[in-house]
Amino acid sequence: MKSFLRCAAAVFYKDLLSELRRREYVNSLLFFSLLTIFLFSFAMGTEPDLLRKLAPGLYWMILIFSATLALERSFFTELDAGCLDGLLLYSTSLRAVFLGKWASNFFFIGMVQILVALMMTALYNLESPRNPPLFFAGLLLANIGISTLGTFYAALVTQSRARQVLLPLLLFPMLIPLLLGSVYVTEYALSGDPFHQATLWLKLLVAYDSIFLAACFAAIEPLLEA
Amino acid sequence: MMTGTIQGGYEFLVAGYALTWFVLGGYALSLYRRYRSIR
Amino acid sequence: MQNSKSKIQSFIVLMAVAFFLFAQYWGLFKSPPDQLMGHVQKLMYVHVPCAWNAFIAFFVVFISSFIYLIRKNPFWDRLAASAAEVGVVLTGLTLILGSIWGRPTWGVWWTWDARLTTTAILFFLYVGYLTMRSFVGDKDRRARLAAPLGVIIFLNVPIVYMSVRWWRTLHQVQSSPSTVDPNMVLSLRLNAFAILFVLILFIYHRYQIALLKDKQEEAL
């Protein structure tokens, strides 16, 4: 157990350090999100009421696109340097590698979540959420789901030629329930949710996360062995 | 909603059934030809 | 012997086609028209059986993928791939038929009805599955990658259905087709079974193609 966690932590720290040292990628990712927020305004007009109404949906669309960019690179550094097999052979277990990659995706997607939320609040003149715990619960649960399925699918397509289009093609249909849940939780969190309408969607997110955490952890071993 | 019976609309009925036979038959044909080309 | 085997196969195919035509005839001419929808309602006898059988096909993909993960026998991988392909064909047909049915009955080409929307998502999921398979050349690797995928995507199906249903009740738009008149149950069941036999035969023959391809690849 201890070596399992140490292995996962090692993978996580390695990815964290390598991404933070060469900050170009993280920066471009954030600029991409900012640019997309701008583009949506041009596409839909700057009517404040409309933007406010559409904000939750827009937020999660931007997040999913940005997350996909980040996820696609999950195994990229190893693939690029040709040490993918090495990483897998030297690790305690394939699941530990998965957990490490999961953690680094979770970290980066979390960063993107916060920053996009701030940017959007500023640019669309939104008020801060009336129910902050609900808002952050939504972010957390969504992040878990996206990281889990995202890392799994990244591992799946990593050696494929059409990796960049295959990842969204496979991932997006899977994320639909998560998208629905997150958008509604966010919407209710922004408005305060006096009638606790978000509970249903929170339950959905929790169920979704649990099922896929379990399933992906179970299924990742045969996948990485390939 | 709807009141009374929808009259006609037979072109949709015909289109639907024709499409079904076309797709199922077409797929069967494609299976047959792929099988032949491998053999 | 080869000759008698293929004779039996041809006979079975002929029987399936005959039963299919009979079921279609029955549905079109022997069952009563709907009170509200008239004869157009009979599109249900192709739309619903296709939907049900597509779902059965995808269930086969799920079970086969799962068994492959345990047994590692290529038979299960080929079966999964075959069932997925047939399932995608049936799902595509289901969606278009749903659209054709919707136009005269509800006035729209598409409705975000929970079942239709879930079917569309299924279509994307399994087209994705087939696409992923097409990008991997080595059949062992392909099987080992496709099997976990085949299991995971099916797990999403009930979740998708429930979440879309909740989503629709929030918006309260068109209701789905009403429950089936008992007079029509027979026609529906006949057609459902007819397409089930078609499904089985499609999967069987698609499997044969996969088997031959694998054998050829081995020989090279």
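Student: How much area do chain B and chain C bury between them, and what share of it is on carbon and sulfur atoms?

Tutor: About 2,900 Å², with 76% on carbon and sulfur atoms. Buried area here is the accessible area (1.4 Å probe) that two parts lose on being put together, summed over both. Keep in mind that this is a predicted model: local features need pLDDT of at least 70, side-chain atom pairs count only at pLDDT 80 or more, and totals for chains, interfaces and linings use all residues. Residues are numbered from 1 along each chain as its sequence is written, chains are lettered from A, and side-chain values use heavy atoms, without hydrogens and water.

Student: What makes Arg34(B) and Glu85(C) a salt bridge?

Tutor: The term needs a side-chain nitrogen of Lys or Arg within 4 Å of a carboxyl oxygen of Asp or Glu. Their side chains meet at 3.1 Å, N to O, so the pair qualifies. The count between chain B and chain C is 1 salt bridge, whereas between chain A and chain C it is 0.

Student: Which residues count as nonpolar on the side of chain A that touches chain C, and how many are there?

Tutor: Ala, Val, Leu, Ile, Met, Phe, Trp, Tyr, Cys and Pro count as nonpolar, Asp, Glu, Lys and Arg as charged, and the others, Gly among them, as polar. By that split, this side of chain A has 27 nonpolar, 2 polar and 2 charged residues. Chain A and chain C bury about 2,600 Å², 79% of it on carbon and sulfur atoms.
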